[in-house]
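User: Please take a close look at one part of this model, the short antiparallel strands and the turns between them, and then set that part beside the aromatic contacts found elsewhere in the chain.

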Amino acid sequence: MMEAEEVFRDRLATVNEQGKRNWIYAKRPKGRLYNIRSIVSWCFFIAFFSLPFVQINGRPLFLFDVTESRFILFGAVFWPQDFFIFGLAMVAFILFIILFTMAFGRLFCGWVCPQTVFMEMLFRKIEYWVEGDAPAQRLLNNGPWNGEKIRKKAVKHALFFALSVIIANTFLSYIIGVKELQAIVTAPVSEHPGGFAAMIIFSGVFYSVFAFFREQICTTICPYGRLQSVLLDKNSVVVAYDYVRGEPRGKFKKKKETEKDNCNCIDCGDCKKKEPAPVLGDCIDCFQCVHVCPTGIDIRNGTQLECINCTACMDACDFMMEKTGRAKGLIRYASENGIAEKKPLRFTARMKTYTTVLLLITGAITFLLISRKPVSGTIIRTAGMLYQERGKDSISNLYRIKLVNKTVADVPLTLRLEESGGKVELVGHSPIHIKAEGQGEGTFFVVLPRSAIEKRKTTLTIGLYEGERRLEQKQTTFLGPASR
């Protein structure tokens, strides 16, 4: 028995002895946690398929237009000038992942990861509906190609591809927008060959992932599963098997059979002389936790990178414990130290600290987004030019300004020198008109009296005004004659 267990632990569930892929036939899960996950998945589906159609002030709620370097989050437009916010957000996001995984393991993977939600809560359910549960699927795949098999396979893959097209189009709407996607769908292919090609490619990718790659995405492609091996420790909360309570394992036997096995009498006619049977743990070695696992692992072998924390094994084990009169929770959310020390799951000081840091990070990113200026600009002093003398008592410098309007309304912009004693002279029309969600530029002089110039380089602050409302301040340098 021990030798068989060690051999099992040395193998990948998705690879057979010949090194070929071992197709996973996951049994249909059921239970309290699965029902909760189903509700969460429906919320995910509603959000995923509806958000592209939600608009604020005529703009989509979310848009990641990489072709024009324009991003819209919660109705606010972000341009390349705002990429520093994305840089900070990416650093914060990585830190968020690290801290979250150290505290709560792969909770994200099992509950809200798009791969898991689509695979287990949509495509897998369709597979159960068309081909039946795991034994029926295995029997169908191993059987000959008859009319029934062809019909079921055709129906399943047709539904898989149709859903993949819908998911791909929805995904594209987050990139190019609903209006542009509608134009691609309704117009002839010759008018939008690139967009049509993108639709076909994305549909093929999603179909391949959910029809063929399936759990391989989580076990071999997704880097997050590999990261958990260095991020988890003995205090991390994971889906874990309580080996203290469950070992040693033994098959479940009815009460009369148990009494007979523990018999110590001699020559009673019912049994032969033998030693008392060892006291067994609560694990009845039914393998239900293995049968329902979508990645084919045995959770009783400890935390493994293939485990996505989907809780299917928890529901299956609780069902068997209830049927055999044992307490639930043999497989549960727990930490290694919690199981070893027989302590219930609690919100430890470590988890409180990590959660506080996560909230601070989220708050910092939120502050950056809220405090972002509606109009931003970049002021550049004209290259290759020094200062210009204006008569005997004034000096001027020539500048160019590039502006980005992040609002949905046209903005008439004026420039003012915040320091007293000088002025801004705009070349051409004043004010500078910037179209909604557009860009603008202008050329202007800054004129200072000689008496205000004390050194060769002077730092100036120029205010960007819409009427009397100051939108932003920008700093630049003013070159003048060296002081005597």
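Analyst: Two strands are taken as paired if DSSP finds at least two bridges between them. In this predicted model, strand β4 (residues 70-73) and strand β5 (residues 76-78) run antiparallel and are joined by three bridges. Within that pairing, Leu73 has Ala76 of β5 as its bridge partner. The hairpin of β4 and β5 leaves two residues between the strands, and in it Phe74 adopts a positive phi near 55 degrees.

β4 is also joined to strand β3 (residues 62-65), again in an antiparallel arrangement, here through four bridges. Leu73 of β4 stands opposite Phe62, so that Leu73 takes part in both pairings, given that Ala76 is its bridge partner in β5 and that pairing rests on bridges found by DSSP. The hairpin of β3 and β4 has four residues between the strands, and there the positive phi, near 50 degrees, belongs to Ser69. Both faces of β4 are covered, with Arg70 and Ile72 buried on one side and Phe71 and Leu73 buried on the other.

Turning to the aromatic contacts, the count comes to 21 aromatic pairs. One of them joins Trp42 and Phe45 edge-to-face, with 6.0 Å from centre to centre and 90 degrees between the planes. These two residues are three apart in helix α2 (residues 32-50), and are therefore separated by about one helical turn. An α-helix has 3.6 residues a turn, so residues three or four places apart point the same way. The surroundings of the two rings nonetheless contrast, since Trp42 is exposed at a relative accessible area of 56%, whereas Phe45 is buried at 8%.

A second edge-to-face pair is formed by Phe123 and Phe160, with 5.0 Å between the centres and 75 degrees between the planes. This pair links distant parts of the chain, 37 residues apart, with Phe123 in helix α5 (residues 114-131) and Phe160 in helix α7 (residues 147-176). Phe123 is buried, with a relative accessible area of 0%, and Phe160 is likewise buried at 0%.

Helix α7 itself has 30 residues and reaches 43 Å from its first C-alpha to its last, which is close to the 44 Å expected at 1.5 Å a residue. After α7 comes Gly177, whose phi is positive, near 95 degrees. Lys149 lies over the face of Trp145, at 4.4 Å from the ring centre, and the charged end of Arg416 is placed over the ring of Tyr465, 4.3 Å from its centre.

Notes
Residues are numbered from 1 along each chain as its sequence is written. This is a predicted model: local features need pLDDT of at least 70, side-chain atom pairs count only at pLDDT 80 or more; totals for chains, interfaces and linings use all residues. Side-chain values use heavy atoms; hydrogens and water are left out. Rings of Phe, Tyr and Trp (its six-membered ring) pair if their centres lie within 6.5 Å; planes under 30 degrees apart count as stacked, over 60 as edge-to-face and the rest as tilted. Buried means under 20% relative accessible area, exposed over 50%, partly exposed in between (1.4 Å probe, protein chains only). A charge sits over a ring if NZ of Lys or CZ of Arg is within 6 Å of the ring centre and within 35 degrees of the ring normal. The expected span of a helix is 1.5 Å times one less than its number of residues.
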